[in-house]
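Some labels given to parts of a structure rest on a cut-off. The questions below ask how such labels are reached.

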Amino acid sequence: MGSHSGSSDERPRNPIAPHAVGSVGEEADSNIVGGGPGGSGTGPLGSTATPSGSTRATSNSGLSGSKRSRCHSWVWNHFTIKEKFKDESGIDIGRRSVCNYCDKNYKRSSNNGVGPEQRHIRKKHADKIAGASDSSNFVYSKEKMRHGLALYVAAAEQPFTFGDDIRFEYFVKNCLNPSFAKVSRNSTRSDTKKAHSKVKKDLISELATVGAIGFTSDMWSGINNRGYICVTAHYIDSSWTLQKRIIAFRLVEFPHDADHIFDSIMGVFRDFEVLDKVYSITFDNHSVNTATLPLFVRNLTTPYFGELLHMRCVCHVINLVVQDGLEKIAPQISKIRNAVLFIGNSPSRQQEFDKMCTSFYSLKPKNMNSDVQNRWNSTYLMLKSCRKYSDVISAYVNQRYRPYRASPLTQDHWKIGFEFMKFLKVFYVATVGCSGVRYPTSCIVLHHLFNISVNFCKHREHPNFAHACLDMEAKFRKYYEEMPPIFMLAAVMDPRMKLKGVSLVLGQIGRNLGIFTLPSSDHVHDLLTTMYAKYDSKFHSTAASTAAPLTPSTSGNDEFWNFVSSNIGIGSSTVSSRIELDKYLDLESVNVNDMRDFDVLAWWKRNEDKYPVLSIMARDLLTPPVSSVASESAFSAGSRVLDEKRNRLAPDILDCLICLKDWEDARLGIQKRSAKDEFRGYFADSDIDSD
């Protein structure tokens with residue numbers, strides 16, 4: 001067949017997807033195939049260019065063309081075939097393939113493969129194929145495609161009909177892979193269940209390798225008016241990274257009493273084979289959840305002593321504290337609330353307000369956050385959104401809002417409002433901090449409770465806050481006059497705090513709020529040593545056998561060092577229970593410059609060999625989450641998946657979709673570090689028993 005150099009139907013070759021390149025009848029030019037040196041070819045990711053005076057492979061019907069000229073390998077983006085190649089002596093040595101980047105050449109005949117060329121490129125010019133070699137060897141797998149599609153549908157919250165859409169099929173077949181065939185709704189549904197089962201087995205295997213696991217659980221009502229329970233596992237893996245996985249989003253049969261909730265959660269524990277790893281369970285303040293605790297205590301035999309099993313959600317307690325004072329302060333900011341609602345409730349007024357911002361105050365147009373009744377955090381966010389806009393808001397509403405013409409919104413109202421915003425900020429920061437899921441929270445609760453106590457001291461004498469502080473402090477004392485041990489013990493495991501810091505903080509909280517029942521330093525020390533003794537008796541032998549030596553021996557067979565080591569512990573970090581614990585409490589310190597930006601888990605990772613038993617205890621104490629607010633991410637996803645169009649979705653499928661989404665987000669590293677954006681609407685949707 002003749003040459004077609006420069007013809008309009010020439011198509012560039014694709015080095016990324018060789019399985020989809022060209023047609024059977026493509027053939028190489030009789031002189032040159034692929035790009036040549038000096039700009040005649042492209043890099044490994046580009047298309048092959050046609051060099052001047054040469055011809056590339058063209059498409060025909062496939063009825064003609066020699067077998068040897070069908071060159072479809074990615075290698076030909078880096079090699080050129082020359083029919084009459086001359087060596088250094090000028091002798092014609094026949095048909096050769098020549099590297100585009102050096103003078104290396106290989107014999108080319110009809111029965112030659114491209115192995116030598118591939119090995120040469122990978123060995124000598126790996127930089128030329130960086131990122132392309134794997135894709136060049138890509139083999140399409142329908143099974144792998146369907147598994148990946150199922151994961152995507154679940155993680156991206158797409159309908160099961162996603163892979164059955166003709167527009168999606170057209171896009172994939174014409175732009176990605178012509179071998180793709182659309183996947184029916186039922187097939188994707190079935191694939192999702194298979195994918196869930198596969199990933200679940202991997203997760204069970206991972207959970208079997210970790211120590212203690214802290215769980216959170218909460219109830220949610222869907223659009224179909226049925227109740228679902230979410231169970232989330234929190235654990236620290238072997239690399240000292242805190243992990244979070246939603247392991248169940250299951251239907252709970254009516255009535256939603258303590259027995260049904262207990263049975264549902266225990267079923268999840270058995271399903272994931274973690275009955276012997278339960279360290280703590282964090283609930284909100286609902287009375288039904290509290291009633292399940294005796295059932296767990298009687299039925300769980302945990303190797304982690306079960307002393308810290310129940311944890312009350314700190315964020316819900318903060319919510320109850322703030323709600324008790326909100327009614328006393330809300331009337332004093334009613335003018336600001338009404339002004340924001342007046343502007344935001346009308347598109348025309350919002351438009352006029354935006355024009356006033358840009359024309360007279362050199363401010364960007366802004367929609368203020370509206371306050372919502374019984375949602376304290378929305379009050380804080382409303383006031384925060386009004387910063388820098390107080391003058392323009394006052395000017396607008398005083399002119400256009402009839403009630404404000406006689407009694408205008410003044411700077412005195414804003415002064416009270418912004419003081420209240422500063423008052424609420426401490427509670428907001430504490431809620432956001434304690435709702436984190438990718439960093440330890442059990443060790444930072446005392447930090448936030450201390451700041452809250454200082455906040456009360458600053459504002460209790462203020463005439464606008466006195467009555468509110470009185471009620472809020474009473475609620476605070478109700479929940480924390482008996483401080484949960486986990487908060488104190490976990491804080492000791494923070495090298496910045498240790499026992500001395502915890503004692504100082506507890507003492508100051510007690511003085512700030514008049515609480516005289518908080519534990520003393522001796523009491524905390526007794527708790528610490530008692531718990532450590534249990535860990536030492538359980539893990540001492542294992543830790544001693546795996547601990548790295550602190551004092552290297554001069555010889556592995558030296559009898560002297562063997563004698564000393566076996567009798568007084570030199571060469572091992574586990575000298576004795578007393579020495580390891582005291583060594584941490586008395587000797588360790590943190591640089592003052594590192595106090596704020598400090599990674600507790602990273603510190604324990606570096607010192608794990610130094611404190612083999614204490615590090616196990618620290619890992620367990622730093623694992624439990626102190627808030628159930630993280631479940632809000634599951635509820636948000638649940639409301640999007642179980643929507644009006646899919647309100648009859650089967651419970652087992654909903655469980656698959658919610659769990660797969662969370663597992664995929666974790667695998668891709670896109671789980672939210674904290675619940676800052678999610679908890680804002682949480683309390684309004686939560687069923688909280690305030691007493």
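The turns below take up cysteines, aromatic rings, charges over rings and a sheet in this predicted model.

Q: Why is C315 not counted in a disulfide with C313?
A: A disulfide needs two cysteine sulfur atoms within 2.5 Å. The closest cysteine sulfur to that of C315 belongs to C313 and is 4.9 Å away, which is too far for a bond. The structure as a whole holds 0 disulfides.

Q: What keeps C469 out of a disulfide?
A: The nearest cysteine sulfur to C469 is that of C457, at 9.4 Å. The cut-off is 2.5 Å, and C469 is in no disulfide.

Q: How do you know whether C315 and C469 are buried or exposed?
A: Buried means a relative accessible area under 20%. C315 has 0% and is therefore buried. C469 is also at 0%, so C469 counts as buried.

Q: Why is the pair of W220 and F249 called tilted?
A: Two values are needed, because a pair of aromatic rings is described by the distance of the centres and the angle of the planes. Centres must lie within 6.5 Å, and angles under 30 degrees count as stacked, over 60 as edge-to-face and the rest as tilted. The ring centres of W220 and F249 are 5.6 Å apart with the planes at 50°, so this pair is tilted. By this rule the model has 34 aromatic pairs.

Q: What makes W220 and F249 a link between distant parts of the chain?
A: W220 lies in strand β4 (residues 213-221) and F249 in strand β6 (residues 242-251), 29 residues apart. W220 is buried at 13% relative accessible area, and F249 is buried at 0%.

Q: Which kind of pair do F456 and F476 form?
A: Their centres are 6.2 Å apart and their planes meet at 80°. An angle over 60 degrees counts as edge-to-face, and the pair is edge-to-face. F456 is in helix α15 (residues 445-459) and F476 in helix α16 (residues 466-480), so the pair ties together parts that are 20 residues apart in sequence. Both F456 and F476 are buried. They also belong to one aromatic cluster, whose other members are F420, F423, F427, F465, Y480 and F487.

Q: How do you know that K200 and K335 lie over rings?
A: The charged atom must be within 6 Å of the ring centre and within 35 degrees of the ring normal. K200 lies over the face of F272, at 5.1 Å from the ring centre. K335 lies over the face of Y404, at 4.2 Å from the ring centre.

Q: Why is F635 called buried?
A: The limit is under 20%, and F635 has a relative accessible area of 6%, so it is buried. F635 is part of helix α24 (residues 632-641). From C-alpha to C-alpha, F635 is 9.7 Å from I229, although 406 residues separate the two in sequence.

Q: What makes β6 and β8 edge strands?
A: The open sheet has 5 strands in the order β6-β5-β4-β7-β8, with mixed pairing. β6 and β8 (310-312) each have a single partner strand, so one side of each is left without a neighbour in the sheet. From one strand to the next, the twist averages 25°.

Q: How do you know that β5 and β6 pair?
A: At least two bridges are required, and 9 bridges join β5 (residues 227-236) to β6, with the strands running antiparallel. In this pairing, Y235 stands opposite Q243 of β6.

How values were computed. Residues are numbered from 1 along each chain as its sequence is written. This is a predicted model: local features need pLDDT of at least 70, side-chain atom pairs count only at pLDDT 80 or more; totals for chains, interfaces and linings use all residues. Side-chain values use heavy atoms; hydrogens and water are left out. Buried means under 20% relative accessible area, exposed over 50%, partly exposed in between (1.4 Å probe, protein chains only). Rings of Phe, Tyr and Trp (its six-membered ring) pair if their centres lie within 6.5 Å; planes under 30 degrees apart count as stacked, over 60 as edge-to-face and the rest as tilted. Helices (H or I, at least four residues) and strands (E, at least two) are DSSP runs, numbered from the N terminus. Axes are lines fitted to C-alpha atoms, for helices over the stretch in contact, and angles run from 0 to 180 degrees between N-to-C directions.
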